[in-house]
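Q: Please take a close look at one part of this model, the surroundings of its ligands. One connected answer would be best.

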Amino acid sequence: MSYRSGTVVLLFLSGLLLPGLLFGAQYALPELPSPALYGNLLMDRASSRGGVKPVSFSHWTHRTRYTCRVCHDELEFDMAVGSTEIDCNDVKDGRYCGACHNGKQAFGRQDNCVYCHTGDIAFRSDQFAGFSRELTPDEFGNQIDWSQMMRRGQIEPLNYLYAKPSETSFEKTLKLDAAWGRIPPAVFPHKEHNQWVGCDTCHPDLFNIRKQGTEHFTMARILKGEFCGYCHLKVAFPINACERCHPGMSR
Ligand code: HEC
Ligand code: HEC
Ligand code: HEC
Ligand code: HEC
Ligand code: HEC
Ligand code: HEC
């Protein structure tokens, strides 16, 4: 973007404030659950049918210990609740949750049915306040700045269980120009992402590996859960935090 200096004041106003207003009128932002519940799931593909309560799972407790790569890459959980075909024999035989919930890394299946089959998406939320108080605050989602925590070494999640990822590192930060004039571009830092997820989580299914090569890359689609919205609606900080992706924009 290049502007002449005479228009600076006007652009300052329109560049920073108008997009938010225009955008707000155009798209509905998601309703967010309370910080303790953000990223919590109830898995019920098979439980109710099998006569037990749905399984509760919380991302915030697990991601302090493991990166996304461990579960969504190595252990092959889909990134959509209720879609991975898991039954409790898998857990017993050491697959999926059972890779850790084997009585060694974490409590095992035997005698601990009620710890997983709580049927309550708010399980453990009473412990969240104590957990998050010491950490780096943020405005949305879990209201924790997870990237900052990684940088400060406040958490050191394991990056793999079985085999060290062999991929080469790629640390380029991209400036993604928005299709609307006056909208400050979004930034995409590879480094901050690759410490959580592998290249093949994003390439080629979510994004073309050529800058500006991804088609239909718009906020409307992002808000439907595509592209950045694949993670930034449910687990990573939500879309509501405009200025974390569009530095230079305020709401
Ligand atoms: C300890 C394992 C584990 C870790 C670590 C983990 N996830 Fe998940 N994730 C799951 C499970 C289990 C599901 C639900 C899968 C299912 O029901 O088929 C899930 C589902 C999701 C979903 C879909 C949520 C929904 O409401 O549909 C997203 C998005 C997601 N994970 C992103 C992430 C991101 C990003 C990270 C890293 C910051 C991460 N996950 C770390 C286990 C994990
Ligand atoms: C570490 C977590 C965990 C523990 C502990 C656990 N389960 Fe499960 N269980 C699961 C998951 C995950 C599913 C599949 C979730 C779904 O419905 O989408 C499941 C599914 C089930 C189902 C549905 C039918 C089937 O076979 O998949 C039954 C029945 C069941 N569990 C019984 C039990 C019993 C009985 C215990 C205690 C001996 C137990 N579970 C302990 C995680 C657990
Ligand atoms: C990569 C390892 C790993 C996987 C996979 C994993 N967990 Fe855990 N989980 C842990 C560890 C470690 C703890 C904390 C130690 C403990 O409670 O025994 C934990 C704790 C829990 C707790 C206790 C409450 C909490 O959140 O701290 C529940 C409930 C739980 N896990 C459910 C699940 C379910 C359901 C799955 C599968 C959908 C799953 N976990 C997959 C490692 C894992
Ligand atoms: C969280 C998602 C995500 C992950 C993980 C990811 N990328 Fe990307 N990558 C993107 C996006 C978004 C773009 C830009 C696409 C566009 O502009 O259409 C991109 C673009 C690229 C480009 C083109 C850069 C340019 O300047 O043209 C390369 C090369 C690339 N990625 C390599 C990698 C490698 C190697 C890894 C793993 C080490 C990786 N990416 C991991 C999202 C990701
Ligand atoms: C596969 C999941 C995934 C996708 C897809 C994804 N992100 Fe992220 N992103 C994360 C995770 C995990 C974090 C760590 C922070 C958190 O969890 O809140 C993060 C952090 C960030 C940060 C903060 C970095 C910092 O230094 O604080 C920015 C900016 C960001 N993402 C932008 C984007 C943009 C723009 C896109 C789409 C082009 C995108 N992300 C797509 C998972 C994802
Ligand atoms: C997770 C990152 C992320 C967050 C958070 C985010 N955006 Fe975007 N936004 C993008 C990306 C990436 C693009 C550009 C896509 C492209 O390359 O064309 C974009 C484009 C836009 C555009 C251009 C029009 C369009 O549909 O593409 C507008 C307007 C916009 N964003 C407004 C907002 C507002 C307002 C917020 C906060 C409510 C917000 N964005 C939050 C990543 C984000």
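A: What follows goes through ligand 6, then ligand 1, then ligand 3 and a serine beside it.

The model is predicted, so local features are given only at pLDDT of at least 70 and side-chain atom pairs only at pLDDT 80 or more, while totals for chains, interfaces and linings use all residues. Residues are numbered from 1 along each chain as its sequence is written, chains are lettered from A and ligands numbered from 1 in the order in which they are written, and side-chain values use heavy atoms, without hydrogens and water.

In ligand 6, the iron atom is coordinated by M219 through SD and H246 through NE2, at 2.0 to 2.4 Å. Donors here are N, O and S atoms within 2.8 Å of the metal (3.2 Å for Na, K and Ca); water is not among the atoms, so sites may look incomplete. The arrangement is octahedral because the 6 donor atoms around this iron subtend angles of 80 to 179°. Six donors count as octahedral if opposite donors are over 155 degrees apart and all others between 65 and 115. For comparison, ideal angles for six octahedral donors are 90 or 180 degrees. M219 belongs to helix 11 (residues 219-223) and H246 to the segment after helix 12 (242-245), so the pair ties together parts 27 residues apart in sequence. Helices are DSSP runs of H or I with at least four residues, strands are runs of E with at least two, and both are numbered from the N terminus. M219 is partly exposed at 25% relative accessibility, whereas H246 is buried at 11%. The classes are buried under 20% relative accessible area, exposed over 50%, and partly exposed in between (1.4 Å probe, protein chains only).

Ligand 6 is surrounded by 21 residues, the closest being F217, M219, C242, C245 and H246; a residue is included if one of its heavy atoms lies within 4 Å. The shell divides into 17 nonpolar, 3 polar and 1 charged. Nonpolar covers Ala, Val, Leu, Ile, Met, Phe, Trp, Tyr, Cys and Pro, charged covers Asp, Glu, Lys and Arg, and the others, Gly among them, are polar. A backbone N or O atom of M219 lies 3.0 Å from an oxygen atom of ligand 6.

The iron atom of ligand 1 has H59 (NE2) and H72 (NE2) as its protein donors, at 2.0 Å. Its 6 donor atoms subtend angles of 88 to 179°, which makes this arrangement octahedral. H59 lies in helix 3 (residues 59-63) and H72 in helix 4 (residues 68-74), so this pair ties together parts 13 residues apart in sequence. H59 is buried at 16%; H72 is partly exposed at 24%.

Around ligand 3 there are 23 residues, of which T61, H62, C97, C100 and H101 come nearest. Strand 2 gives the largest share of this shell, 3 residues. The side chain of T61 places an N or O atom 2.8 Å from an oxygen atom of ligand 3. T61 also makes a side-chain polar contact of 3.1 Å with S58; such a contact is a pair of N or O atoms within 3.5 Å, where within protein one must be able to donate a hydrogen and the other to accept it, and residues adjacent in sequence count only if both atoms are side-chain atoms. S58 lies in strand 2 and is buried, at 3% relative accessible area. Beyond its neighbours within four places in sequence, S58 is in contact (heavy atoms within 4.5 Å) with G39, N40 and F123.

Terms used: Four donors count as tetrahedral if all angles lie between 85 and 135 degrees; four count as square planar and six as octahedral if opposite donors are over 155 degrees apart and all others between 65 and 115; anything else is irregular.
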